[in-house]
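Colleague: I am new to this model and would be grateful for a close look at one part of it. Could you choose a single residue, describe its surroundings, and then lead me outward from there?

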Amino acid sequence: MVELVDALERLLTAYGPRGWWPLPSLAGTPGRDGTGYALGPSLPVGSGGGAIERSLRFEIAVGAVLAQNTSWSGAERAVATLVARSSAAGLPLSPQLLRSLAGGELEDMLRPAGTFRIKAGYLRGLASAWSELDEGVPTRDGLLALPGIGFETADCVLLYAYGVPAFVADAYARRLLLRLGYAQDSSSYEGARHYAEERLPHEAPFLAEAHALIVEHCKLRCRSRPLCDGCPLATVCDHCR
């Protein structure tokens with residue numbers, strides 16, 4: 001069985017750095033493409049105290065909530081709409097902006113992300129708790145206590161917004177681990193997370209790139225019906241063999 005680190009190196013060679021987390025507020029700025037992806041390695045924002053860093057961390061948290069059960073493209077359009085609204089007011093995206101929006105207005109802005117009424121409620125809860133959470137680095141339990149925040153969303157926020165080393169064991173990651181032949185306990189979120197974290201560098205930039213590469217690979221090749229012919233992991237994957 002191929003080492004997990006080696007499998008990820010093969011994906012990096014095949015796809016190059018993915019530049020996550022995409023930030024619509026930075027689209028087209030130096031070092032970012034037109035949709036907000038970094039032109040280089042995936043790098044967490046970190047826990048700095050500047051106003052820009054605080055705004056970017058909140059944008060990541062908002063995007064992580066909106067990306068639940070939908071494609072990133074829909075979540076991205078909703079985040080971009082929120083960013084445009086805050087920019088029109090001369091302000092960065094903030095909890096204060098979300099709390100100021102009337103219920104129907106916020107829901108309309110979130111329509112591209114799907115289940116917009118539910119997600120509007122989640123974002124209002126996030127906005128109400130954010131100032132306290134963002135005083136330092138929030139705990140995983142603190143994030144999980146919020147309505148609509150599950151394991152995957154909490155780990156995305158911790159990893160990309162604060163630089164906390166965490167393996168995002170989303171459905172793509174669990175699928176890939178199982179097909180590569182790793183332990184069956186990787187079928188559960190927490191089982192997969194612990195399994196991977198024991199085998200990968202405990203470094204936020206590495207784990208951020210790992211998550212982005214796995215998503216790219218599973219969208220392009222390791223689908224529910226995999227495209228094994230020409231796959232960069234074909235020679236080391238139990239499923240392909």
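**A cysteine and its surroundings**

Modeller: Once neighbours within four places in sequence are set aside, Cys218 is in contact with four residues: Tyr172, Arg175, Leu176 and Arg223. Please bear in mind that the model is a predicted one. Cys218 belongs to helix α11, and with a relative accessibility of 1% it counts as buried. A residue elsewhere in the chain gives a sense of scale: Val62 is 156 residues from Cys218 along the chain, and 24 Å separates their C-alpha atoms.

The helix that carries Cys218 deserves a description of its own. Helix α11 covers residues 204–220, 17 residues in total. From the first C-alpha to the last it reaches 24 Å, close to the 24 Å expected at 1.5 Å a residue. Most of α11 is covered, since 13 of its 17 residues are buried. As a general point, an α-helix has 3.6 residues a turn, so residues three or four places apart point the same way.

A cysteine naturally raises the matter of disulfides. A search of the whole structure returns 0 of them. Cys156 shows one way in which a bond can be ruled out: the cysteine sulfur closest to its own is that of Cys218, but the distance is 14 Å, too far for a bond. Cys156 is also buried, at 4% relative accessibility. Cys240 is likewise in no disulfide, although the sulfur of Cys228, the nearest cysteine sulfur, is 3.2 Å away. The reason is that a disulfide requires the two sulfur atoms to lie within 2.5 Å. Cys240 is partly exposed, with a relative accessible area of 24%.

Returning to helix α11, one may ask what else touches it. Ser42, in the loop between α1 and α2, is in contact with Pro205, Ala208, Glu209 and Ala212, numbers that fall within the range of α11. Beyond its neighbours within four places, Ser42 also has contacts with Arg18, Gly19 and Trp20. Ser42 is buried, with a relative accessible area of 1%. Its side chain comes to 3.4 Å from the backbone nitrogen of Gly19. Ser42 thus has contacts both with residues of helix α11 and with Arg18, Gly19 and Trp20.

Trp20 leads on to a further feature. The peptide bond running from Trp20 to Trp21 is cis, with an omega near 0°. Trp21, like Ser42, lies in the loop between α1 and α2.

The aromatic rings can be followed from here. The structure contains 9 aromatic pairs. In one of them, the ring centres of Trp21 and Trp72 are 5.5 Å apart and the planes meet at 80°, so the pair is edge-to-face. Trp21 is in the loop between α1 (4–15) and α2 (51–66), whereas Trp72 is in helix α3 (residues 72–88), so this pair ties together parts that are 51 residues apart in sequence. Trp21 and Trp72 are both buried. One aromatic cluster takes in these two residues together with Trp20, Tyr37 and Tyr160.

Another ring has a charged partner. Arg199 lies over the face of Tyr195, 3.6 Å from the ring centre.

A second arginine may be set beside it. Arg140 is in helix α7 (residues 140–144) and is buried, with a relative accessible area of 18%. Its side chain makes a polar contact of 2.8 Å with the side chain of Asp155. Neighbours within four places aside, the contacts of Arg140 include Phe151, Ala154, Leu158, Tyr189, Glu190 and Arg193 as well as Asp155. For Leu158, which is 18 residues from Arg140 along the chain, the C-alpha separation is 7.5 Å.

Two loop residues complete the account. Asn69, in the loop between α2 and α3, has a positive phi of about 55° although it is not a glycine. Asn69 is exposed, at 82% relative accessibility. Thr115 is not a glycine either, yet its phi is positive, about 35°. Thr115 sits in the loop between α5 (103–109) and α6 (116–133) and, at 48% relative accessibility, is partly exposed. Cys218, where this description began, is by contrast buried.

Key. Residues are numbered from 1 along each chain as its sequence is written. This is a predicted model: local features need pLDDT of at least 70, side-chain atom pairs count only at pLDDT 80 or more; totals for chains, interfaces and linings use all residues. Side-chain values use heavy atoms; hydrogens and water are left out. Rings of Phe, Tyr and Trp (its six-membered ring) pair if their centres lie within 6.5 Å; planes under 30 degrees apart count as stacked, over 60 as edge-to-face and the rest as tilted. Helices (H or I, at least four residues) and strands (E, at least two) are DSSP runs, numbered from the N terminus. Buried means under 20% relative accessible area, exposed over 50%, partly exposed in between (1.4 Å probe, protein chains only). A charge sits over a ring if NZ of Lys or CZ of Arg is within 6 Å of the ring centre and within 35 degrees of the ring normal. A polar contact is a pair of N or O atoms within 3.5 Å; within protein, one must be able to donate a hydrogen and the other to accept it, and residues adjacent in sequence count only if both atoms are side-chain atoms. Contact means heavy atoms within 4.5 Å. The expected span of a helix is 1.5 Å times one less than its number of residues.
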